[in-house]
Structures are given as C-alpha cells and as structure tokens.
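Here are a few exercises for getting to know a structure you haven't met before. Try each one by eye, then read the worked solution.

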Amino acid sequence: MSSPIMKLVAQRIALGILLLLAVSVLIFAGTQILPGDVAQAILGQSATPESLANLREQLGLNDPAFIRYFRWLGGVVTGDLGTAMSSGQDIAASMKGRLWNTLFLAFWAAVVAVPLAIVLGLIAVRYRNGWVDKLISGLALASTSFPEFFIGYVLVYFFAVKYQIFPGISTVYDGMPFGERMQAIMLPAAALTLVVLAHMMRMTRAAILNVMQSAYVETAELKGLSAFAVIRRHAFPNAIAPIINVVMLNLAYLIVGVVVVEVIFVYPGMGQYLVDHVTKRDVPVVQAVGLIFAAVYISLNIIADIAAIVANPRLRHPK
Amino acid sequence: MSNELEFLSRRVASGKLSRRDFLGRAAALGVTATFANSLLSSAARAAGPVKGGTLKAGLVGGESTNSLDPALFMTQVPFAFGKMWGELIVELSPEGSLENRIAEEIGSSDDAKVWTLKIRDGVEFHNGKTVTAEDVAATLERHSDEKSKSGALGYMKGIESIKASGKEVVLTLKEANADLPYLLSDYHLIVQPNGGKDKADAGISAGPYKITINEPGVRHGGERFANYWQGDKMGHADQIEIIVINDATARTSALQGGQVNMINRVEPKIVDLIKRLPGVTIRNHAGPGHYVFIMHCDTAPFDNNDLRMALKLAIDREEMLDKVLRGYGSLGNDFPINASYPLFTEIEQRKYDPDKAKFHFKKSGHDGAVLLRTSDVAFPGAVDASQLFQQSAAKAGIQIELKREPGDGYWNEVWNKQPFCASYWGGRSTQDQMYSTAYLSTADWNDTRFKRPDFDKMVLAARAELDETKRKAMYHDMAVLVRDEGGLILPMFNQFIDATGAKVAGWVDDPHQELMNGYALAKCWLEA
C-alpha cells in the first residue's frame, strides 16, 4: 500500500472525529431543549419545591450549559460515561450488555441480508427484465414498503402464535445457551432482513447494470463467457463501490434504527434502553447513547469510504 | 346434572380428565363456558395447590431504570416483583380485611395515637437472619426519611416516633389515625434487614421467592425460598419469572404462544377477541382506580359551583363506560370512593341531564367555551372520552373546547397545574388515604384545589374515630360534599383486566390491585 492511501485514510478518520465532536455539541444542545428538567422527571408527581432545589443542586443542574458540556466531554474521552440519574447505575456497565445484544442481532441479520441481497441482485441482473427479475424486485420492494411493525406482527402471528415454531418474544440474557439465543432472535432478525433487503438488492442491480453497458463487458460476452461469469468476473468488481456504500448504510440502520423491532419483540437492545431513558429525562444516558449511535454511523461511513477507495483503481492512484 | 359436572371437574383437578374434554362435556350438558370454567377453578382450589414448575408473567410497566430499592417502586413490574421477594408488616386480604404478616398482632391505644406491632417469631430473611423488631423499626424509619424519596413518605410523615423494644415496635403518631394498619400495608414498606439502611437495593427480605435474576427492564426471576414462613399458602411454583413486555400486542401473543402464563393490562377494546382464544381466561375485577376530569375550584370560571355542577350534569357516564371501557368498569358518581373501599355507602347515582345542566350553566353566568386539556397519557382512551364529553355537553348548550396536549410532560406541565384537564387515579386502600392524598386543603396532590376547612375537619375527625358506624356516617357526609361541591367529575371506575393461560389455577380476584394485588405468581400454580 502506498502512502497516498494512508494519507487519505488518515484524512477520513480525522474528519470523522471532527464530525463526532460537532455531533456531541448537537446532542448536548438537543437534550437541553427537551421539555421539563431531570430533577422534575426523577421526582415525578411527588416533587416539592425544596426537594427539587436540593436535587438540582446535587446533580449540578445549576451550572451554565457550556461548563456542563466540557465536564461531560472530558468524562466521555476518558471512558467515563457517568451514572444514570434515574437508577444511579454506571452507564458504561449497564450499556455494555445492551450494545452487545444490539450488535449480536445486527450481525446475524446482516449475515443473512447482505449475501442474500447481493446474490438476488446478481440473479436479477442475469435475468433482467424477465419475470425472475420482476418477481425478485417486486417481493423485495413490497417487504420494504410495509412498515417494520407490520412485518413484525405478521411474523409473530404465523411463526409464534399459529404454528409456534419460534418464540414471539425475544428476551435474551447473559449466559443463555447459543442455540436458544439464536432461536430467540430468529423472528426479529427475519423482520430486519426483510426491511433492509430491497435497498441493497436494488442498488446492486442498478450498479451492475450500469457497468454492463461498458465496452469491456461486450468484449467479455464476445469472448464467449457465460452470462454469470461476465457479471461475476467483470461487472461486479467494478460496481463494488456503490454496493459497499449502500451495505454500510444498511448496517448502520441495523444498529441504530431498530427501536420499533426491539419493542415488538421485547428485545433488550440499545433502542429500548434509549427510549426508557428519554421518558425519564435521564440526560446522561440519552447523551451517551446518542454519541454511540453517532460514532457507529460515522465509523461505518468511513469504512465504506475507505473500502470504495481501495476498490477503485482510479481513486487508489489519483493523477 | 350439576352432580355430574362436579364429578367431572374434580376429575380434571386430579388430572384424570383434560380441561378441553371437560369443557366439551360441560357444553354437552348445556352449560355455558364461563360457568364451566368457574366450576373448574373452584374444583382446582378444592383439590389444593400443585407444587413445582415455573410460572411466568409478561407485564407492562418495567423500565431499565427500575431499582430494587422498595422506596423507589412506582410502576407495575417492581410492584409485582416486590410482592415476590418482599414481605410486608401487614397486607390486605382479597376480602378487604387485614392479614397479619410480619406483625403477628397490631394493637392501639384508645385514642388511636399509639400503636404496637408484635413481631412474629421465626420469620427468616433470605440471608438466613431472623426478622427482628429492630429490622421493622429501621424499615419504617428509612421510609419516614425525606432522603429515601420513598413513595410512602406522605403517610410516614405522620409518625412521630418509632421504637423497638423486645418483640414489639411502638409507633407514636402526631395525630390519631384509626387506619394506621392499612397504611402499613403499602407495597413500598417491604421489611429489609436493618431496614435497608446498609444497602437499600440489596433485594433481601422474607418473601416467598429469593431473587435469582434481576435485569431491570428485561426480566426478573426468583426461586422458592425454602424457609418461607407460610409456604403452605404461597410459593407453589419452584421458579417464577417476570418478563417485561411493554407492547400490548406482544404481551397478548406471548400469552397465546404459551411463553408466559399470565399478563396484565389487557386493553378493553381487545378483551372480546382474547376471550375466544383457547385456554385463555380473562380475569377482570373492579378496583378503586378511576378516570377523572378535574376542575380547580379556586380558578375562574371553575370557582363557581353552578358551572361545576353544570359540567357534572353534562357528561354521559353510561355512554362513556360503554364506548371507552366497553363495559369493563363501573359508573362513577363524582366522589373517588366505590365499593372496593371499606366503609363505603351508596349515594344516589348522578345522571346525564342536559336540561338541568343548561339551567346551572345559565345560572353560573359564564359565557363562551370552557377549555378542557386532554392527552393520550391521561388514561387509556382519554381523548375519545373527552370528545364524548364535548358532544354530550354540546347537547346541553355548553361548549367545551378541547386542547390535546403532548404526552411528554403532561404530568409536569398540565396535571395539577391547568384548571381543567383529564387525569386518572389508581386509588388507595382506605377512604382516609384517598381523601388525605387529594382532597385535604394542604395536600400537594389536591388536584381539584378543593380547599374547605369544614371538609378538612371532617377528614381528621373520621381518621381518629374508632367506632365504625360513626365513621361510616362521616365518610358518607364527606362523599356528599365532594360530590356536590367539589371539582371532580368522575365518569367511571376502571377494572383491572388480567389474563391467564392454560393450566393456571388458584386465581382469586383481589380488588386492591391488578394480578391479585401482585401475588398472582406466588398464589397461583400450574395444574398437572
């Protein structure tokens, strides 16, 4: 690998960090304008003026906003996300399990969805404009167009209630045997797969079709290669950059956008954790989760960028 | 015919006949499914509990922010789990009387100011220590301390001194209170070693189950505590588990799919559908909870009793009960007490009367619309109920303007702040508690701003009265005062609607809270 690549990569990472800082400011500002304040949310109906004042003092809510921001940022950089206001638990510790669960679900959904989408995309290109292509596109688009809660409930109805093959609630816990855990996440993973499938499949199809018009593909066909070999050897490698991009976008969605699926299947992941704490105005947790989501999103995009550069000779060797 | 049925039901209870066969034969004998089911459950009770197995409940009302510190319990899951691992000083029986738990005997001085709790011998904590009078006293002390932020603080503040001596705890009250034992049945007052002063969220008490799993917002579980002091009455299943399922549809499908044995909060609008599912039994019963529209008696235009009366007469309670609760409730009568309270007296039912409402509205001299704030979170169906109210009032010539408020912040910004809004109350265990919490002039939660020195005096007098007949008469007078002059519009009392799956036996309706006052997992068992 040559140094221009290293330089590009370093540039991207530096940009990412800068972006993350900007996001942290936004998150902090956003949580400041939520209605109500933490002290009130913690005490709830039982708040009296004295107890409110005491609690505000104790939580340091009386300091100006920028001081609180830097105090918080300092903690985050040193790995200390603070303690949850509502339960007094260490955020980093209680979030670890949740994050792991979310990643676990996202990983298995991706393991199914990404190859499936790409293969379906390739098949659609091979039989383009025929009934196979139309069937694949139609089904994939339909599954994406349905809202995810609808897909979730349909899956629950058939597989959990009617035929009772998989559990309808996906509660997982530490020390759960791997087999049981896989069985528990089967339905949410299927729902997520159906939701992200079409986007990746359509993008694969479009990107490859674009390349299929090039002269060298025609040459390959004239050489007598089979249709699949042309796609696999000549078209696909040159269409990989946009595909990686869309794959990464969908991976990010699998991690940060699964709140609804988590609620339907009662899956103890990050989304549910975030929602619980938003309703309690637990600002430190909301900030921490927001920041982690932003970091995941930004880093997956950096990976996509870098992969696209590495895959593209023109970007790898700029003039 | 009934002999045959009884015989068959005993066979089911002893495991010789399947439930489905029984229902089939019962139907052949021309008996309705409801009756056959109730026959079955009484036979199962008679046959006695079956030990063993795992009972699971899927419940709404748990968050990842929940703590095991009983002082901080607020929602349904910590409440129900607390009843599994915790033991109280005294509890309310399903019939409404007092059931002594850690206190073996509760006695008072003649003026109801000094109370003595005699502590039961041989009750053991999960950590092997014996429950002492000191532990009980320390528990009460901790909940009386502002710093504990205890949900029971409101009543505990009325205790002046707590002393443990030998096997007794002596409580001296600031003011006489004949209801003290009822107050001590509050679900927050779980007795902990040294009152939980060392570690409030250690999760150790003397209840029927020891905590084995505690993942807030996800699941909680326990295994039977071998040395539970009344193991014959509670703790039939070997293990119990509570899975937090906040989504109503997921809860139903978990019950249907057999992943849980019972669920809470079935929505009234789907009860009729769930009833038809095989094996599922709906457990609905009246409680003290109620849905309300509250007016501030000290804010214009609601400071005029004619206007308040006009609005009370302009609401069609029957229609609301029918359409919002689908009949799963009972009519309200503008005072917060119903038959689930001890010492309740019936008062003539207020009816929808547009003509009278019109008369009072005119007399009030108010002109123009009245602004009612409502929200989805005020109570399930609150927005629909408000619209029904708007329509029935329009027929009486009263214009109600609706403002739909966001659910976020409703309890901070609207309830107890704005002069007219929709809300709900979960109810309390005694009339005194209910009136002291929300109708005393000095109460923080006096959400109708009902400030009447004469009423306050009645509350205090009734509290100190030990003669039940006199007390009952006093509560009747208080109810009439609130009903006719207060700011409360109470269209309906809601019911607790739980559901159990196949093979769950031992269910006894309890009017105090959902899920048999939280004890369903400990008191029910799985039929063989």
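**Exercise 1.** How many residues of chain A are in contact with chain B, and how many of chain B with chain A?

*Solution.* Keep in mind that this is a predicted model. Start with the count: 30 residues of chain A touch 27 residues of chain B. Next, look for the elements behind chain A's side. Those giving two or more residues are helix H7 (148–162), helix H12 (259–264) and helix H13 (270–279) of chain A. Finally, sort that side of chain A by class: you get 15 nonpolar, 12 polar and 3 charged residues.

**Exercise 2.** Work out how helix H6 (residues 131–145) and helix H8 (residues 178–212) of chain A cross, and which residues meet there.

*Solution.* Two packed helices are described by the angle between their axes and the distance between the axes. Here the axes of H6(A) and H8(A) come within 7 Å, crossing at roughly 135 degrees. Angles of 65 to 115 degrees count as roughly perpendicular and those over 145 as roughly antiparallel, so H6(A) is oblique to H8(A). As for handedness, the crossing of H6(A) and H8(A) is left-handed.

Now for the residues. H6(A) brings Ser137(A), Ala140(A), Leu141(A), Ser143(A) and Thr144(A). Facing them in H8(A) are Leu194(A), Val195(A), Leu197(A), Ala198(A), His199(A), Met201(A) and Arg202(A). By class, this contact of H6(A) with H8(A) has 7 nonpolar, 4 polar and 1 charged residues.

**Exercise 3.** Are H8(A) and H10(A) roughly parallel or roughly perpendicular to each other?

*Solution.* First get the geometry: the axes of H8(A) and helix H10 (residues 227–238) of chain A come within 8 Å and cross at roughly 110 degrees. H8(A) and H10(A) are therefore roughly perpendicular. Then find who makes the contact: Ile208(A), Val211(A) and Met212(A) from H8(A), with Ile231(A), Ala235(A), Phe236(A) and Asn238(A) from H10(A). Tallied by class, that's 6 nonpolar, 1 polar and no charged residues.

**Exercise 4.** Compare the UniProt record's "transmembrane region" annotation with the helix content of chain A.

*Solution.* The unreviewed UniProt entry puts this annotation on residues 105–127, 139–161, 181–200, 243–268 and 288–311 of chain A. Take two of these stretches. Residues 105–127 of chain A are 96% helix and 0% strand, with 33 Å between the end C-alpha atoms. Residues 243–268 of chain A come out at 77% helix and 0% strand, and their end C-alpha atoms lie 31 Å apart.

**Exercise 5.** In what order do the 4 strands of the open sheet in chain B lie, and which stand at the edges?

*Solution.* Trace across the sheet and you'll read E4-E5-E7-E6 (chain B), with antiparallel pairing. Strand E4 (103–108) and strand E6 (159–165) of chain B each have a single partner strand, so one side of each has no neighbour in the sheet. On average, neighbouring strands are turned by 15 degrees against each other, direction ignored. Zoom in on E4(B) and strand E5 (residues 114–119) of chain B: they pair over 5 bridges, and Ser108(B) has Trp115(B) in E5(B) as its bridge partner. Last, add the helix: H5 (residues 133–144) of chain B packs on the sheet, touching E5, E6 and strand E7 (168–173) of chain B.

**Exercise 6.** Which residue in the turn between E8(B) and E9(B) has a positive phi?

*Solution.* Strand E8 (residues 209–215) and strand E9 (residues 219–224) of chain B run antiparallel, joined by 6 bridges. Along the way, Ile213(B) stands opposite Gly221(B) in E9(B). The two strands form a hairpin with 3 residues between them, and Gly217(B) in the turn has the positive phi, about 80 degrees.

Note on methods: Residues numbered from 1 in each chain as written. Chains lettered and ligands numbered in written order. Predicted model: local features only at pLDDT ≥ 70, side-chain atom pairs only at ≥ 80, totals over all residues. Contact = placed C-beta atoms within 7 Å. Nonpolar A, V, L, I, M, F, W, Y, C, P; charged D, E, K, R; others polar. Pairing = 2+ DSSP bridges. Axes fitted to C-alpha atoms, helices over the stretch in contact; angles between N-to-C directions. Parallel < 35°, antiparallel > 145°, perpendicular 65-115°, else oblique. Left-handed = near helix turned anticlockwise from the far one by under 90°. UniProt positions renumbered as here; feature names shortened; annotations may be inferred.
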